[in-house]
Amino acid sequence: MRLRQLRTSAGLTGRHLAEAASWPPSKISKLENGRQTPTDEDIRTWTELTGTEGETEALLASLHTLEVQHAEWRRLLSAGLRSHQDDLAGIDAKTRLFRVFEPTVIPGLLQTAEYARARFAETVTVFRVPGGVDDAVRARMQGQEQLYRAEKRFHFVLTEAALRYRLCAVDVMLAQLDRLVALSALRNVRLGVIGFATRYVVAPAHGFWLLDQDLVTVETFSAELNLAQPQEIQFYAGVFEQLAGVASYGGAARAIITRVIDDLAAEAGEAGA
């Protein structure tokens, strides 16, 4: 790591640097081995004590780039759900081609208000962030206006599992599936569904969004990954083409969705009997 190089080039041991900075000795090891993320002040102290102040701005730029690339949910959501939705809206407004693969959930651009509410409620529970669910839902619904802009194109690929996972009440899911059928008829929306009987070429390991040729976003349990390197974008574009290539479209996709609707409706009927 660059920090270790600066320290050793300055002829300092970890203990000497820790003493000069009034830090516990373990902090040096943690920073050098990536077990602790340095603050801006840590970077400035490090370069000052190693006599490498000329490296400060480059190190700070690298640190801030890393924070964007690996953005922890607790930090992203610290200002509330609505704030993050507004940030996403700004990115989406600039995007002309959306390529989205989701194996688990319905993508936000296709969600009904109640399905979105269930997703945001889960986020509040998991991360214990400020509420604001109603505001976040309104922001997500406003963002869906982009689906009706002729200059934008959307290619969604979902798995049948995403249509069947019990992430909300049955009546909410039924309404959500109806919405998918309706949105699949939009001229600038291409909706593919990979049925359970389909043979995969690439395993549906996780969801991701390709935004133009500029950015890939991946959501993990703990963070949002934002990948802008050309090789990463090219790689994910290839993965998307493989997944899209085995999906069903048009009437065949709607047939899968309708089958799920019929199964859920029958279950709801039995439960109400």
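This is a short tour of a predicted model, with stops at a helix, a loop residue and a set of paired strands.

**Helix 2**

Select residues 14-21, which make up helix 2. Leu17, Ala18 and Ala21 are its buried residues. Looking down the helix axis, these buried residues fall within an arc of 100°, so they line one face. An α-helix has 3.6 residues a turn, so residues three or four places apart point the same way. Now add helix 1 (2-9), helix 3 (25-32) and helix 4 (40-49): the buried residues of helix 2 pack against these. Turn to the face directed away from the buried side to find Arg15 and Glu19, both exposed. Just past the end of helix 2, select Ser22, where phi is positive at about 60°.

**Thr50**

Move to Thr50, in the loop between helix 4 and helix 5 (56-69). Its relative accessibility is 8%, under the 20% cut-off, so Thr50 counts as buried. Show its surroundings: Thr50 touches Leu6, Arg7, Ala10, Leu12 and Leu17, leaving aside residues up to four places away in sequence. A polar atom of the Thr50 side chain lies 3.4 Å from the backbone oxygen of Thr47.

**Strand 5 and its partners**

Select residues 208-211, strand 5. Phe208 and Leu210 point one way, Trp209 and Leu211 the other, and all are buried. On one pairing, strand 2 (residues 97-102) runs antiparallel to strand 5, joined by four bridges; here Phe101 stands opposite Phe208. Next add strand 6 (residues 215-219), also antiparallel to strand 5 and joined to it by three bridges. Val216 in strand 6 is the bridge partner of Leu210. Finish at the turn of the hairpin formed by strands 5 and 6, which has three residues between the strands. Asp212 in this turn has a positive phi of about 50°.

Technical notes:
Residues are numbered from 1 along each chain as its sequence is written. This is a predicted model: local features need pLDDT of at least 70, side-chain atom pairs count only at pLDDT 80 or more; totals for chains, interfaces and linings use all residues. Side-chain values use heavy atoms; hydrogens and water are left out. Buried means under 20% relative accessible area, exposed over 50%, partly exposed in between (1.4 Å probe, protein chains only). Helices (H or I, at least four residues) and strands (E, at least two) are DSSP runs, numbered from the N terminus. The arc is that of the directions from the helix axis to the C-beta atoms. Contact means heavy atoms within 4.5 Å. A polar contact is a pair of N or O atoms within 3.5 Å; within protein, one must be able to donate a hydrogen and the other to accept it, and residues adjacent in sequence count only if both atoms are side-chain atoms. Two strands pair if DSSP finds at least two bridges between them.
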